[in-house]
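I am opening a fresh notebook page for this one. Here is what I looked up, one entry at a time.

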Amino acid sequence: MPPQVQESNKDVGGNKFPYSTPSDLKGTEIQVDGKVYDAALLAAHHPGGELFVRAFAGRDATEAFLSYHRRVFPHDQMKPMTVGTLPSRKQVGVDKEYLELCEIVNAVLRGNSFAPWNYWIKCAVIIGTTLSVEFYVHSTGTYTASLCAFLGFMYALIGLNIQHDANHGALSKRGWVNRTLGLSQNYIGGSALDWIHQHVVQHHINTNDVHQDPDIEGSPILRLNPIKDILEHQKMQHFYVFILIALFGFTTVVNAALGLWHGVRYTPMAKLVDSYRKSELIWPAFFFFRWLVLPAMSANPGAALLATAPLYIVAGYYLAFFFILSHNFEGAHMYDKSQKPEGASFLRNQVLSSSNVAGSWLCFINGGLNYQIEHHLFPRVQHTHYPLIAPVVKAFCDKKGIRYTHFPTILDNFLSTSRHLQKMSKDSTDPIPGH
């Protein structure tokens, strides 16, 4: 049984403090439904590891728990950790459809949603190949564009097949396994903590929300958000974006390091992850040592450093290309959850804002990221199960009249994304009510 909260969390009548708005939450508290919990206590008793709960400190984690555990929160069991109440953002029952789908999917999975034995062979091959080739490159000083391009592709495979599942807690029910393999994100130049804050805490729960999803924040170069002003040069974005994403690898390495240093990526990271953030700062130094210092110490430093560019270009381009297809396509649902929070259906928002492409062969290569609908509905289901549950999810959506977008080929998805980006660069009509 978890320890009781301190008496300082109670008023003179012995009742927990009521909270009136989400802004009343402190950085050490977390909301689930209409309850406010001590985040540190909740994290200490979380079987999947502390980091996930700590990363949501100061926020509403209702939909996060729902999607990661596929069930309602056990408030009665966690009662000793309660520090107050706060009106629930959503109406009771708005996610009944999602829970109904969870029962169907859980029956198909038969209690086995983590990585099967054969996945670990793929994992070992990817990691073993990457480490072997990189050791050869550094130990012999053989910095060639072809070898660095190959390593860039292997880094992309690590990002898609290993760190992604691990940092979603989907590889194993043992938290330390996920945390250890999640650090592969740090090895390839990113940051597991920065990624969890940006991707899990913000993007996954608020996919295509015009105010809360950092992935559609865009920039002066790229308009992905319908409430942003249209700039003249953006009218060609559907052409140049597929050239500019070649820079994604470079910017990711820099932004991950800055995110750790400042503790901010779109929004500030939770105070309760400060110890994780400080410990991860060693990883950018390790990456820059491998890919800046060591090439600079070779016999021909200028040529060596230039030859490392394909590492960033190939890895970044491969990742960015498939990411941009996932939620930017013709008819992609965009919304403002704050306009009607009580009616925000997690299932419908996720399905309508995501798309799938191709099938099981691309799933094997890309770590299931081509099944974005299933991934966003069930982020803690390991990717090898997506081809199994996808027909069930589609049948459920068809039954409920929910549009389920699946592109048969990458080319079909690419063309739809291009048309969407072209429309975004010309259509100034705001489709989001209240703007």
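**Rings, charges and a nonpolar patch**

I began with a charge and a ring: R290 lies over the face of F286, 4.9 Å from the ring centre. A reminder to myself before going on: this is a predicted model.

**Entry: a second charge over a ring.** I also looked up K122. Its charged end sits over the ring of F364, at 4.5 Å from the centre of that ring.

**Entry: the aromatic pairs.** How many aromatic pairs does a search of the whole structure find? I noted 21. I then looked at W283 and F286, whose ring centres are 6.1 Å apart with the planes at 70°. Planes over 60 degrees apart count as edge-to-face, so that is the label I wrote down for W283 and F286. Both residues belong to helix α13, where they are three residues apart and thus separated by about one helical turn.

**Entry: cover on that pair.** Are W283 and F286 buried or exposed? I found W283 partly exposed, with a relative accessible area of 23%. F286 is partly exposed too, at 36% relative accessibility.

**Entry: a tilted pair.** Next I turned to Y371 and Y386, which form a tilted aromatic pair, 6.5 Å centre to centre with 55° between the planes. This pair links distant parts of the chain, 15 residues apart. I placed Y371 in the loop between α17 (360–366) and α18 (372–377), and Y386 in helix α19 (residues 386–400). Buried means under 20% relative accessible area, so Y371 counts as buried at 7%. Y386 counts as buried as well, because its relative accessibility is 1%.

**Entry: a cluster of rings.** Which residues form one aromatic cluster with F153? I listed F242, Y317, Y318, F321, F322 and F414 as its partners.

**Entry: the nonpolar patch.** I finished on the surface, with a nonpolar patch of about 530 Å². F286 turned up again here, together with F289, L292, V293, M297 and L305. Where does the largest share of the patch come from? I traced that share, four residues, to helix α13 (residues 282–296). L292 has its place in this helix. Patch residues need over 30% relative accessible area, and L292 is partly exposed at 42%.

**Entry: looking back.** F286 is the residue I kept meeting: it has R290 over its face, pairs edge-to-face with W283 and helps make the nonpolar patch.

Notes
Residues numbered from 1 in each chain as written. Predicted model: local features only at pLDDT ≥ 70, side-chain atom pairs only at ≥ 80, totals over all residues. Heavy atoms only, no water. Patch = residues over 30% accessible without salt bridge, like charges linked within 9 Å, V, L, I, M, F, W, Y side chains within 5 Å. Areas by Shrake-Rupley, 256 points an atom, 1.4 Å probe, with all protein chains shown as cover. Salt bridge = Lys/Arg side-chain N within 4 Å of Asp/Glu carboxyl O. Helix = DSSP H or I, 4+ residues; strand = E, 2+ residues; numbered from the N terminus. Buried < 20%, exposed > 50% of the residue type's maximum accessible area, 1.4 Å probe, protein only. Phe/Tyr/Trp six-rings, centres within 6.5 Å; stacked < 30°, edge-to-face > 60°. Lys NZ or Arg CZ within 6 Å of the ring centre and 35° of its normal.
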